[in-house]
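Here are my notes on the model, set out as numbered points for discussion. Please read them with the sequence and the structure open alongside.

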Amino acid sequence: MVGLAAIAELFGGNAGIEELEAFYPIRRDCLADIPKTRFRPRVGKTLSARRWHAAFSEDGHLDIEKVLRRIQRGGIHPSIKGFVWEFLLGCFDPNSTFDDRNQLREQRRERYAMWKTECQNMVPVIGSGKYITRPIITDDGQPIEGEDCHVTSAVSDKKVAHWMLFLHQIANQAKLWDILAIYSWVDDDIGYVQGMNDICSPMVILLENEADAFWCFEHAMRRLRENFRCSTSSIGVQSQLGILSQVIKTVDPKLHQHLEDLDGGEYLFAFRMLMVLFRREFSFVDALYLWEVMWAMEYNPNIFSLYEQPDAALDSNSTQTLHAKELKRYGKFQRKNLQNGHVDKNCALSVFLVASVLETKNRQILKDAKGLDDVVTILGEITGNLDAKKACQNALKIQDKYLKKAKKS
């Protein structure tokens, strides 16, 4: 008799579809609007629950090299996705024990509870299962009266007022709203920016405990927060757009020149792709698959130390020579950068993914794009129809091509 664990691993065809639908249920009235999902858990490729648990030693040390190989080949099974993400995003050190991580998790839950209480004292609706949908104070800090008035007196503290002014813009799902409201209080330098909900919502779905979901999101934002830093004179992904321009100019000068002629040499049409990591260009399931493959490929084994003890940790941008055994603990993308001495932090895998998308539409853009609106329309046609696995494979090929040509020049 075949056990449930074996059945869960032997997906394929309709069985795989049904399994994914069980983890990510979709309302029947929305089925027609959902893009086709290309990701399927594959035996021998996808990181299964059984292989994940087998990658830990008796006291809890994780063989991250083995895990990365499996993720880069076939993604992560939905049943363990949230737990694996915590390691990929640097929430936990693979060299830690079960006891170490349990202690750290409890400390983080306590810290989140403290922040939540602090926010509740200012706006009691936080944690109530409800959320705010309209402004609660005026620009000068005066409470806006009404049946659901949440502020009873004028707000003079600039940080508090700035936080309160944006609460009504946060996503309208209670748990997600709470996490984003508290994050915008803790990271007041960035605050809340539209698009953060696209990054946070999968964490809320994958991790049952609200505090754990918060910390997973918080660590994702350590990588992405500069994407959301916008002002009247600059946008957060401007540096990445500059790198994208260099990449296309290097690997496909004809396409770059055409975009230049259309006044698109700044590549602003790629703004959303980079800001929210293609969340709108792929189906929900494929977007999650894309993210975890990207994070595995960009993985730096020192990421936990860099976040927790930045002064004592090995510099992630170091060009020092690493032994082959050490290099295997890095993701494919990061490994190639280290081997080629390429250390620009803005030269992320997401930049090469955009380049991959542009390359797939190369002929159409050269033939049909007579203006930037045409470029936007052509790229808009791919929304929900991209194949995440092929996009990643093509991105790595473009990275190879770019590094070789950049080295020669």
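**Notes on the predicted model**

1. In this predicted model, the structure holds 3 cavities of 30 Å³ or more. The largest cavity contains about 50 Å³ of space, and its lining is made up of Glu-86, Cys-91, Phe-92, Arg-105, Arg-108, Ala-211, Asp-212 and Trp-215. Two elements, α6 and α10 (210-224), give two or more residues each to that lining, and the largest share, 3 residues, comes from α10.

2. What is the chemical character of the residues in the lining of the largest cavity, in terms of nonpolar, polar and charged? They divide into 4 nonpolar and 4 charged residues, with no polar ones. Glu-86, Arg-105 and Asp-212, which are among the lining residues, also belong to a network of salt bridges that links Glu-86, Arg-105, Glu-106, Arg-109 and Asp-212.

3. A further lining residue of the largest cavity, Arg-108, forms a salt bridge with Glu-308, in which the closest N and O atoms are 3.1 Å apart. Because Arg-108 lies in helix α6 (residues 98-122) and Glu-308 in helix α15 (residues 303-308), this pair ties together parts that are 200 residues apart in sequence. The two partners should be described separately as regards burial: Arg-108, at 4% relative accessibility, counts as buried, whereas Glu-308, at 35% relative accessibility, counts as partly exposed.

4. Side chains of opposite charge can pair when their charged atoms come close. The count for this model comes to 19 salt bridges, and one that deserves a look is the salt bridge in which the side chains of Lys-81 and Glu-292 meet, at 2.9 Å from N to O. This pair links distant parts of the chain, since Lys-81 is in helix α5 (residues 81-88) and Glu-292 is in helix α14 (residues 284-297), 211 residues apart. Both Lys-81 and Glu-292 are buried.

5. Another salt bridge joins Arg-272 and Glu-281, with the closest N and O atoms 2.7 Å apart. Here again the burial of the partners needs to be given one by one, because Arg-272 has 39% relative accessibility and so counts as partly exposed, while Glu-281, at 3% relative accessibility, counts as buried.

6. Two residues call for a check of the backbone. Tyr-267 has a phi near 60°, which is a positive value in a residue other than glycine, and Tyr-267 is found in the loop between α12 (253-261) and α13 (271-275). Phe-278 likewise has a positive phi, near 65°, and is a residue other than glycine; Phe-278 is placed in the loop between α13 and α14. Are these two loop residues buried or exposed? Tyr-267 counts as buried because its relative accessibility is 0%, and Phe-278 counts as buried at 1% relative accessibility.

7. Gln-399 lies in helix α21 (residues 388-408) and, with a relative accessibility of 0%, counts as buried. Which residues does Gln-399 touch, if those up to four places away in sequence are not counted? They are Phe-333, Lys-336, Asn-337 and Phe-352.

8. Val-204 has its place in helix α9 (residues 196-206), and its 13% relative accessibility falls under the 20% limit, so Val-204 counts as buried. Leaving aside residues up to four places away in sequence, Val-204 touches Lys-175, Leu-176, Ile-179 and Ala-213. The C-alpha atoms of Val-204 and Phe-217, which are 13 residues apart along the chain, are separated by 8.8 Å.

9. On the chain as a whole, there are 21 helices and 0 strands, and buried residues make up 50% of the 409 residues. Among contacts between residues at least 6 apart in sequence, 71% join residues at least 24 apart. The protein chain exposes about 20400 Å², of which carbon and sulfur atoms supply 48%.

Terms used. Residues numbered from 1 in each chain as written. Predicted model: local features only at pLDDT ≥ 70, side-chain atom pairs only at ≥ 80, totals over all residues. Heavy atoms only, no water. Salt bridge = Lys/Arg side-chain N within 4 Å of Asp/Glu carboxyl O. Helix = DSSP H or I, 4+ residues; strand = E, 2+ residues; numbered from the N terminus. Buried < 20%, exposed > 50% of the residue type's maximum accessible area, 1.4 Å probe, protein only. 1 Å grid on protein atoms, 1.4 Å probe; cavity = no way out; pocket = protein on both sides within 12 Å on 5 of 7 lines; lining within 4 Å. Points joined across faces, edges and corners; volume = space filled by probe spheres on them. Nonpolar A, V, L, I, M, F, W, Y, C, P; charged D, E, K, R; others polar. Contact = heavy atoms within 4.5 Å. Areas by Shrake-Rupley, 256 points an atom, 1.4 Å probe, with all protein chains shown as cover.
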